[in-house]
Amino acid sequence: MPVTVAEALNHSEHLLITGEAGAGKSTLGHQLIRQLAQIWLRRESAASPPLSEPVVPLRVSARSLIGEGSWSTVLAEATRRALGPYLVTEPSQHLFAGRIHGARWLIVVDGLDEILDRPTRASIIRAIGQHTRPGGDYRFVVTSRPLPDEELAPLRGGHIGVCRIEPFKEEELKLFAERWFTAQDPITAQQRADQFIRQVEDSRLKDLVRNPLLATIAALADTREPTRALPTNRVDLYQRFYEYLVTDEEASGRATLSELRRLREEHPSRYRLVEWIHGRRTEIIETMAGERLSTESPLTEVAYAWVRNNAPEGMELSPGWEKDFDRLLIDTGLFVYESSGVRFLHHTFAEFIAARTYAVKIPPGFPDMEDWINRWIKETQRNFALLTMVLWGRVPGNDVGLVLARLVDGDTRHAMLAGRLLAESDAADDAGSRTVVDRLIDLALGNCRVGRESAFSQQTFFRRPVHRSSTAEDAFEVLGLLTGNRYAEERLRNIVAQSEIPFETRAWALEALSLLIPDVEALSLLKDLSRFTSDPRDIAIFAAGCVELEKEISEETRAALLHVAATPLVDAEAMSAVAERLLESGENGAATAAAFRVLSDPDADNFDLRSAVKVILKTSDGAPDAGELVAALPDDSPDKAAEVAKELLHAGRTDDAADIARGLVENPKTISDTLGTAAEVWLACGELDSATALLGLLRSRGVWKPSEQAIVARRLFDAGHTPEAKALAQEVFAGPEANGYAIGVAADILVKGDSSGAGLLQAVRDREEWDAWTRTSASEALAEAGLAEEAVAMARLVFSDEEADEYDLRRAAKSAILADSSSITEFVDMASAMKADTHAEIALKATTLMALQVKDPAEGLVLSLALNAQIGQQQLRAVLAEATSMGGSRLAARLAEALNHADAPDMNRFVVADSLAAAGYLSLASGLWCDLLLSTAVPPSDSLRVLSRLLNTGNRHRALEKLREALSAPDVGPASYVRLRSLLAWASLSKFESDEHSPS
């Protein structure tokens, strides 16, 4: 639900505010501090303050909190860095040791994600978390781009609100434009604002300018050059802004160098240096940006060092040259001053400038592409990596189509990156663009097959509700980013229009399409689509879509929501969504009733359960009793009770959450992850001794398994109780029954708790009981800690263990190569020498060689298994899941060709087809399905199952073509003719009716 900053601050003692790059997080912090400071200075009225209590405002960057000493010492130094010469005197650490004149400090910590080193970032998060106690001397507003949940765990709690800055909506963008152009010229403001809105709505900018930073850059570009067309992509917007500030003196309107010419007569040596620096400002700024993304070194020192190292021989560095240099930097507009020097105005500008630098250095073949993909996977480097790839494609001699082709030929992760790269790039040709879109469509449809279980010849056929995997969800999301891509729009429209495809799949396609077309048209298509179903789950999807697309909730949508809420036997996922939408539409009573139905549903997952609790807490007039919430749950469900406690904690009901958590910890039936959740809630609710009390209670339970110890150790570490976490991790290592999971978690804690790796190394040396799984986990941790020799040695022991499975061998090989790339030859030799007599041995050898990129022999082994009639379905599926994700299109084509022969086992063809579809090779999969469709050896029920695959993935035309071709063959027998005619009738008439099991 949308809230103002004031509402959020008055609801929670502390705030964690996240948002994408350029969402306005830093601006929000500045505005909040400015408003509070103006009130203290009596320059603004205190009649409507942003907080209901008086607080003393202070803004610091998260990076400035890196340092040694007590919290008050660190805070004093961060203040000095932030305010520098604006301070009358140096701030004393005692000033920050507690309240000031009875008022609490409000500390805005900006840019948590900008701390590059994860252990350092984690220590800052834990330090902040330790000072967010209810009623403490400090209130915090912390801003960050999204980070992994486990990193932010110390900033979770009932007294810590979590908010996200949403992109501009249509009305907000119009308001921004009106205010911007009014500030330029009130007389022409309305006309200019209307022109700006029309320009961005009719181009690929439509989605980009929902980002406040990009909207500002676009408005600046339109102001400076009103007759020049606006850029149509993010990179060109950044480039235009960069030109204004750095490379185009005339456009910038600055006269810094001419002003400094006054030095020529009195200080000629200083002037020569200034002139030389000015001429190389681009190179200096690029160096600073590169260092900003790779080290924590102060930017000013980086810049000064560059000048000292590159100044021509004989050029004097006169006293005071640093001040001249600082002024040149500040005057570009890219930097702002802080007492430790300068910093970039916005982290995104540093990413863009660094990406420009890296892009020209990467060779045309992009040899280190996998390294850049790994950077993209990390949240804190995703934007930088993507910008670098886009800019690389613009360098003369580079072909972004080659990169797209390599990505499309890779696994699912590569394909998703290809889509995002296509969305940002305008350098791809039409053929390359179509290839990327086709792969994404195939991944989406191939992972939206019917049912969760797809065994062949094991159950009666019926068309069950579709199951969408996370792969399908990701693919549709990326397709929705391809603004202006007519082919993507065409493919999505085609899915929406095909009545034989399940409603949910069509609705997901329409969700992506709605980002590419006007809302009015998307809403019309959604209403047309709703005519194809009467299933409550589908109606819930329809109503949720209407809520998103309608400016105001219509009576039709409201009626649909109330209808689903009153319908029995609706699953928890649909009911949870309905409860949320009913809340948005003001139907609080119906929303509460729907939410309680979710609580009582034994099949409700954690996400749906917590969504339901949120609804109940928001709709209740009085505070609902925690006992009532727990009583509504199915009997004997501690896992669900833990989720209720977690949501109560987030809602500020600390005492209720703590009571549930204590009961769960005391309950011997609470195990594994549920125990971890209970511990997490306990620690978030408790005081400074909460870790000691928790551990004491857990030890009194009698049986406390190593895996549970590891989970609790992780929760302790995430909550900032590092000594207790490390001690418990050492206990896990010492326990002979600890499995690979427990050792992996414990090892990770020891690595992050001590970057030297000494604690981990000692724990490894002291442990006596090892197996393949525990050694694999240890090898990975040793590699991460930089202990190369020990990591490789441990990986060798995994390879020599006859009990090691493909999971162990693959991970061990990767950890060894990560630690020492020269060891790859040794591990390839060991993998090549592995036995391959049984199905299990062949599978093990194949997946290990594939992980080591030894593709030819690995593919040969995979093909031999795919053609073997004796292999079980489950084993074949497991091998293919690994092989198709690593083998790319070449292996996919070889599999399809090999299984196309008449003597290939039908069951194997079905399994291979499913695996190819899931890997995004839908055309190859549908070819195998068509062959099975015509096979006289396949039972009728399985023929219908195959036909269902074809229909549900949008291949009805292909099925019809094959069936008609077979019926026209001169040698078709009577029995085959009847069977083929029946299948043809089904294929011709079938529409997916989710409440029926027959074609309409």
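**Reading helices and strands in a predicted model**

Student: Which residues of H21 are buried?

Tutor: Buried means under 20% relative accessible area, exposed over 50%, and partly exposed in between (1.4 Å probe, protein chains only). The buried residues of H21 are His-414, Ala-415, Met-416, Leu-417, Ala-418, Gly-419, Leu-421, Leu-422, Ala-423 and Glu-424. This is a predicted model, in which local features need pLDDT of at least 70 and side-chain atom pairs count only at pLDDT 80 or more, while totals for chains, interfaces and linings use all residues. Residues are numbered from 1 along each chain as its sequence is written, and side-chain values use heavy atoms, with hydrogens and water left out.

Student: How should the burial and the span of H21 be read?

Tutor: Helices (H or I, at least four residues) and strands (E, at least two) are DSSP runs, numbered from the N terminus. Because 10 of its 13 residues are buried, H21 is largely enclosed by the rest of the structure. The expected span of a helix is 1.5 Å times one less than its number of residues. H21 (residues 412-424) reaches 19 Å from its first C-alpha to its last, close to the 18 Å expected.

Student: Which residue caps the N-terminal end of H21?

Tutor: The cap rests on a polar contact, a pair of N or O atoms within 3.5 Å; within protein, one must be able to donate a hydrogen and the other to accept it, and residues adjacent in sequence count only if both atoms are side-chain atoms. Here the capping residue is Asp-411, with a side-chain oxygen 3.1 Å from the backbone nitrogen of Arg-413.

Student: Which way do the residues of strand S3 point?

Tutor: In a regular strand the side chains alternate between the two faces of the sheet. In S3, Arg-104, Leu-106, Val-108 and Asp-110 point one way, and Trp-105, Ile-107 and Val-109 the other. Seven of the seven residues of S3 (residues 104-110) are buried, so this strand is largely enclosed by the rest of the structure.

Student: What are the pairing partners of S3?

Tutor: Strands of a sheet pair through backbone hydrogen bonds, either parallel or antiparallel. Two strands count as paired if DSSP finds at least two bridges between them. S3 runs parallel to S2 (residues 55-61), joined by seven bridges, and pairs in the parallel sense with S4 (residues 138-144) over five bridges. Pro-57 stands opposite Leu-106, and Ile-107 opposite Phe-140 in S4. The open sheet has five strands in the order S2-S3-S4-S1-S5. Its edge strands are S2 and S5 (160-164), each pairing on one side only.
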